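Got a docking setup in mind, or just curious about what surrounds a bound molecule? Here's a quick walk through the ligand site, the open pocket and a couple of backbone oddities.

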Amino acid sequence: MNIYYLTLFPEMYEGILSSSILKRAEDKGLVNYQTLNFREYANNKHNQVDDYPYGGGAGMVLKPEPVYRAMDEIDLDNARVLLMCPSGRRFDQTFAEELSTEENIVFINGHYEGYDERIRKLATDEVSIGDYVLTGGEIASMAMTDAIVRLIPGVIQKESHENDSFSTGMLEHPHYTRPREYRGMKVPDVLLSGDHKKIEEWRYEESLKRTRERRPDLLEENEK
Ligand code: 6GU
């Protein structure tokens, strides 16, 4: 998978893409990340990428040329082009699974209230990560990258994400490791029993209980 980030702040990506599992996925050749600073594609001598809105009003609007010219440079004819904005389709685990099978993904990151409407024509999807406003799409695209890349076969063990919250439609059951007792808090006996069927039942019940308490909406969704 190739992932491209059109951004005015490529330095924001450095720590995230060069750490942990995202880094390991690239080292294994399973994904390639590329940031493009679309300021470099401005077609004016001050490298200006935004301008005042026609018709007046507060805030600046991202000009179309730098974004179109950066897209020309990438030159892909089959890519998911994701325009990051709070009014987009809500990102979720199902959407992450869908995107994890793509060959090429482009994130276009701008500012809220800030895209010239013609930029939207470049996008296959408009995407939001939740109902709150961020100063730009970068952090949202990083969260999405993390959720997508871990689903690419070979990045982590399949069993690690088959039981994920949201993949199963329920929240995860509790986990314990050593020690058996810590500051008076004990590991439930069933986990030490060696009885795999009983352990599976316990985990299922705990998942169900936790989902009922915290996210009853997930259970209602499953019943539809
Ligand atoms: Cl994708 N962008 C911005 N600016 N704010 C957001 C968002 C995206 N998703 C949630 N809030």
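## Around the ligand

Strand S5 gives the most to the shell around the ligand, putting in 3 residues. Keep in mind as you read on that this is a predicted model. S5 covers 80-90, and together with strand S7 (125-128) it belongs to the strands that each hand at least two residues to that shell.

Who's in the shell, then? Going along the chain, you meet Met-84, Cys-85 and Pro-86, then the run Val-127, Ser-128, Ile-129 and Gly-130, and finally Tyr-132, Leu-134, Gly-136 and Ala-140. By character, that's 8 nonpolar residues and 3 polar ones, with no charged residue in the shell around the ligand.

Now for the polar contacts. The ones below each involve a nitrogen atom of the ligand, and they come from both side chain and backbone.

| Residue | Protein atom | Distance to a ligand nitrogen |
|---|---|---|
| Ser-128 | side-chain N or O | 3.4 Å |
| Ile-129 | polar backbone atom | 3.0 Å |
| Tyr-132 | backbone N or O | 2.5 Å |

How much of the ligand does the protein bury? On its own the ligand exposes 290 Å², and the protein buries 99% of that.

## The cavity it sits in

Where does the ligand sit? You'll find the ligand in the largest cavity. Searching the whole structure turns up 1 cavity of 30 Å³ or more, and the volume of the largest cavity comes to about 150 Å³. Its lining is made of 16 residues, and the ones closest to the centre are Cys-85, Pro-86, Leu-134, Gly-136 and Gly-137.

The strands turn up again here: S5 and S7 each supply at least two residues of the cavity lining. S5 has the largest share of that lining, at 3 residues. As for chemistry, the lining of the largest cavity splits into 9 nonpolar and 7 polar residues, and no charged ones.

## The open pocket

The largest pocket is another place to look. How much space lies in it? About 430 Å³. The pocket is lined by 16 residues, and those nearest its centre are Asp-92, Gln-93, Phe-166, Leu-218 and Glu-221.

Helices do the supplying here: helix H4 (93-99) and helix H8 (216-223) each bring at least two residues to the pocket lining. H8 gives the most, with 4 residues. If you're thinking about electrostatics, the lining of the largest pocket divides into 4 nonpolar, 6 polar and 6 charged residues. For the lining of the largest cavity, recall, the charged count is none.

## Two backbone spots to check

Which residues does a cis peptide bond join? Arg-178 and Pro-179, with omega at about 5°. Pro-179 belongs to the loop that runs between helix H6 (158-162) and strand S8 (181-182).

The other spot is Ser-20, which has a positive phi of about 55° even though it isn't a glycine. Ser-20 is part of helix H2, made up of residues 20-27.

## Pulling it together

So much for the tour; here's the short version. The ligand sits in the largest cavity, and the protein buries 99% of the area that the ligand exposes when taken alone. Ser-128 reaches a ligand nitrogen through its side chain at 3.4 Å, while Ile-129 does it with a polar backbone atom at 3.0 Å and Tyr-132 with a backbone N or O atom at 2.5 Å.

Terms used: Residues numbered from 1 in each chain as written. Predicted model: local features only at pLDDT ≥ 70, side-chain atom pairs only at ≥ 80, totals over all residues. Heavy atoms only, no water. Near = heavy atom within 4 Å. Polar contact = N/O pair within 3.5 Å; in protein donor to acceptor, adjacent residues only side chain to side chain. Areas by Shrake-Rupley, 256 points an atom, 1.4 Å probe, with all protein chains shown as cover. 1 Å grid on protein atoms, 1.4 Å probe; cavity = no way out; pocket = protein on both sides within 12 Å on 5 of 7 lines; lining within 4 Å. Sits in = over half its atoms within 2 Å of the grid points. Nonpolar A, V, L, I, M, F, W, Y, C, P; charged D, E, K, R; others polar. Points joined across faces, edges and corners; volume = space filled by probe spheres on them.
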